[in-house]
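Got your viewer open? Load the structure below and click along, one selection at a time.

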Amino acid sequence: MRRQVLPGVAAIVLLSAASFLMPRWLLFLSTMALSHGVVVLGIVLLMRGGVVSFGQGLVFAAGGYATALASNRLGITDVFALLALGGLAAAAITAPFAVLLSRYRAIFFAMLTLALSMVLYGVLVKTEALGGSDGFNVAKPTLFGRALGPDESAQALYVVGVVVVGVLGIAARIWFDSTRGLVTLAIRQNELRVEYLGASARRIIAGDFVVAGFLGGIGGALTVLSLGHIDPNFSFWTTSGEFVFAAILAGHHSVAAVFVASFLLEMVRSFSNLYFPNTWQLALGVFLLAVIRFLPDGVGSLWTRRRKRRQP
Amino acid sequence: MTALLSARGLKKSFGAVVAADDVTIEVPQGARVSLIGSNGAGKTTFVNMVTGYLKPDGGSIVLAGEDVTRRSPREITRLGVARSFQIPQLALEMDALDNVLVAASCRTGHPSFLQPAHASDRVDAAMALLQRFGLAEHAHRRAAELPGGVRKLLDIAMALTGSPKLLLLDEPTSGVSAEEKFPMMDTIVEALGSEVTVLFVEHDMEIVNRYAQRVVAFYSGRVIADDEPSAVLADPQVQRYVTGSSR
C-alpha cells in the first residue's frame with residue numbers, strides 16, 4: 001500500500017506548497033481541473049469495467065445543487081461538510097439507477113446515462129425554486145469555522161481541492177490495484193469468464209457506478225464553491241461530453257493521468273478561448289484528434305507503458 | 001465411493017428439440033469421467049445444467065449432498081464447481097499471471113478493494129499453480145500472445161483456483177495438434193491430482209480411452225451407455241451413433 005500512498009501524499013504536499021507561487025488565475029484554473037478531474041476519475045473507474053457514462057453531468061449537477069442548497073437554505077458553510085454532502089447526495093441519486101444500468105453495456109449504458117442527465121437538466125430548467133435556467137449564486141464557504149476573504153478563498157479552495165481530491169486519488173489507486181480493481185479490468189475483457197469464476201459483473205458495475213457518482217458529486221460541489229454559482233448547464237450533455245473527452249485523454253491505467261488530462265484540457269480550453277474566441281472548440285477537437293492518433297491509450301500510457309517495459 | 005454429483009431424471013427441451021431426456025448420471029468422488037456424443041447429443045446441455053446456466057425442466061442435481069437444481073451459477077461455483085471452455089475464455093490483454101489472479105479473486109464472489117491483487121502471497125500461490133501446469137515461463141506474457149495449447153492449459157489452471165470439488169472440462173484437447181494432445185493431457189491429469197473429480201467432454205476417442213476411468217455416451221438427449229471406457233467404446237449403439245461404424 002505504501003507504493004500507492006507515498007507518491008500521492010508527496011503530490012498533495014508539493015501541489016499545496018505550489019499554491020504560494022501560483023497567480024490567482026492559475027489557482028482558479030487548477031481548482032477547476034481538480035474538480036472536473038475527480039468527475040473524470042469516476043468515468044475512468046467505469047471505463048475500466050468496459051462501460052462509459054455519457055451522463056456524469058447528472059451527478060456533477062446533483063452534487064453541485066445539493067451543496068448549493070445546503071449552503072443557502074440550511075446554512076451549512078464548512079467546506080469539508082459541503083463537499084461530503086455533495087458526494088453523498090450524488091451517490092444517493094445514482095444508487096437506484098445503478099441496479100438498472102448495470103444490466104446494460106456499450107452504447108446502451110452510455111445513452112441511458114445521457115438520458116438521465118438530460119432528464120435532470122429538463123427538471124432543473126423548469127424549476128423556478130432552483131433559479132430555473134439562470135441558476136443561483138452560492139456563498140463562499142468557511143474553512144475550520146473561519147470565513148474566507150475574497151483574496152484568500154481562491155488559494156484556500158485550491159488547497160482544499162488538492163487535499164480532498166488527492167486523498168480520493170490515493171483511494172482510487174488502491175482500488176485499481178485491488179482484487180476488485182483487477183476483476184473490474186477482467187470484466188472489460190471477458191465478462192463471461194468472470195461470471196463463470198463466481199463474481200457478479202453486474203454487482204461490480206453497479207458498485208462502480210455509485211462510487212463514480214460519489215466522485216462526480218464531490219466534483220460538482222467543489223466547482224460550485226469555486227464558481228460561487230450553479231445553473232442547469234452542470235447537467236447538460238456538453239458538460240458530460242467534456243468529462244468523457246478528458247477520460248479518453250487520460251486513458252484508464254493511471255490516476256495521475258486523469259488530473260494531468262483534466263489540467264491540459266482546462267489549459268487548452270482557456271488559451272484557445274483567449275486566442276481564438278469563436279473557434280476554440282476547433283482547437284479542442286484538433287487536440288483530441290492528436291491525442292487519439294499518437295496516444296491511443298491516453299496520456300497515462302506515456303509512463304505506464306515505460307513502467308511495464310521495466311517489469312520482468 | 002460416495003457420489004459427489006448425482007443428476008437424476010434431468011429433462012430439458014428447447015421448443016421441439018429435446019436436449020436432455022431423463023438423464024441420470026452418478027459421479028463418485030475423485031472419478032475422471034468422460035462425456036462423449038456427437039454434436040447436439042446433449043453433453044453441453046448437461047454441463048450447463050450442472051453449472052446452473054440452464055435450469056432443467058425436470059429432475060434434480062445434487063452436489064455433495066446439497067440440492068443445487070435451482071441454484072444460480074455463482075452459488076454453484078461457490079459450492080465448488082468449476083469449468084473450462086472449448087475456446088479458452090481468458091482476459092486477453094492481461095498476462096497469464098493476472099488471469100490466474102483474476103480467477104483467484106473471483107472465487108469468494110466478492111473481490112475486495114482493500115485486498116491488493118498483487119500481494120506476495122497471492123502471487124506466490126498463482127505462480128505455484130502456473131508451475132503445476134508448466135506455465136511459469138509464460139507468466140508475464142499477454143494471454144493474446146500465447147499459443148493455443150498454452151491458452152488451453154491456462155484456461156484449466158484458472159478453473160482450478162479455489163480448489164473446486166468438481167471440474168468440468170469442455171474438450172480440453174480440441175484445437176491442439178496430435179503431437180501435443182497426449183503431453184497436454186498428461187500435464188492436466190498430473191496437475192489435477194486424484195482429489196478433484198473431473199467430467200470432461202471429449203470427441204477424441206484416443207484421449208477418452210487413455211484418460212477416462214468411466215465414459216458416459218449421449219445420443220439425442222439420452223444416455224445410451226455408462227460404463228468403463230472399453231465397454232462403452234465396444235457398445236454397438238455407441239459405435240453406431242457416436243464413434244462411427246468404422247471403429
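**Stop one: a loop in chain A**

Select D297(A), which sits in the loop that links α11 (280–294) to α12 (301–310) of chain A. Keep in mind as you click that this is a predicted model.

Is D297(A) buried or exposed? Neither label fits: D297(A) has 16 other C-beta atoms within 10 Å, so it counts as partly exposed. The cut-offs explain that, because buried needs 20 or more such atoms and exposed needs 12 or fewer.

Now add H252(A) to the selection. D297(A) and H252(A) are 45 residues apart in sequence, yet their C-alpha atoms are 7.6 Å apart in space. Show G251(A) and H253(A) too: D297(A) touches both, leaving aside residues up to four places away in sequence.

**Stop two: where the chains meet**

Next, colour by chain and pick out the contact, which takes 28 residues from chain B and 24 residues from chain A. On the chain B side, select α2 (73–78) and α3 (96–106), each of which supplies at least two residues to the side that touches chain A. Of the elements there, α3(B) gives the most, with six residues. Recolour that side of chain B by class and you get 14 nonpolar, eight polar and six charged residues.

**Stop three: helix α4 of chain B**

Stay in chain B and select α4, residues 120–132. Put a distance between its end C-alpha atoms: they are 18 Å apart, which agrees with the 18 Å that 13 residues should span at 1.5 Å a residue.

Which residues of α4(B) are buried? They are A126(B), L129(B) and L130(B). Look down the axis of α4(B) and these buried residues fall within an arc of 100°, so they line one face of the helix. An α-helix has 3.6 residues a turn, so residues three or four places apart point the same way.

Turn to the face of α4(B) that points away from the buried side, and you find the exposed residues S120(B), D121(B), D124(B) and A128(B). To see what covers the buried residues, show α3 and α5 (148–160) of chain B, which are included in that cover. Then step past the end of the helix to G134(B), which follows α4(B) and has a positive phi, near 65°.

**Last stop: strand β3 of chain B**

Finally, select β3(B), residues 32–36, along with β8(B), residues 197–201: the two pair in the parallel sense over four bridges. Within that pairing, L35(B) stands opposite V201(B). Add β9(B), residues 214–219, which also pairs with β3(B) in the parallel sense over four bridges. Here V33(B) stands opposite R214(B).

Definitions and conventions:
Residues numbered from 1 in each chain as written. Chains lettered and ligands numbered in written order. Predicted model: local features only at pLDDT ≥ 70, side-chain atom pairs only at ≥ 80, totals over all residues. Pairing = 2+ DSSP bridges. Contact = placed C-beta atoms within 7 Å. Nonpolar A, V, L, I, M, F, W, Y, C, P; charged D, E, K, R; others polar. Expected span 1.5 Å × (residues − 1). Arc of directions from axis to C-beta.
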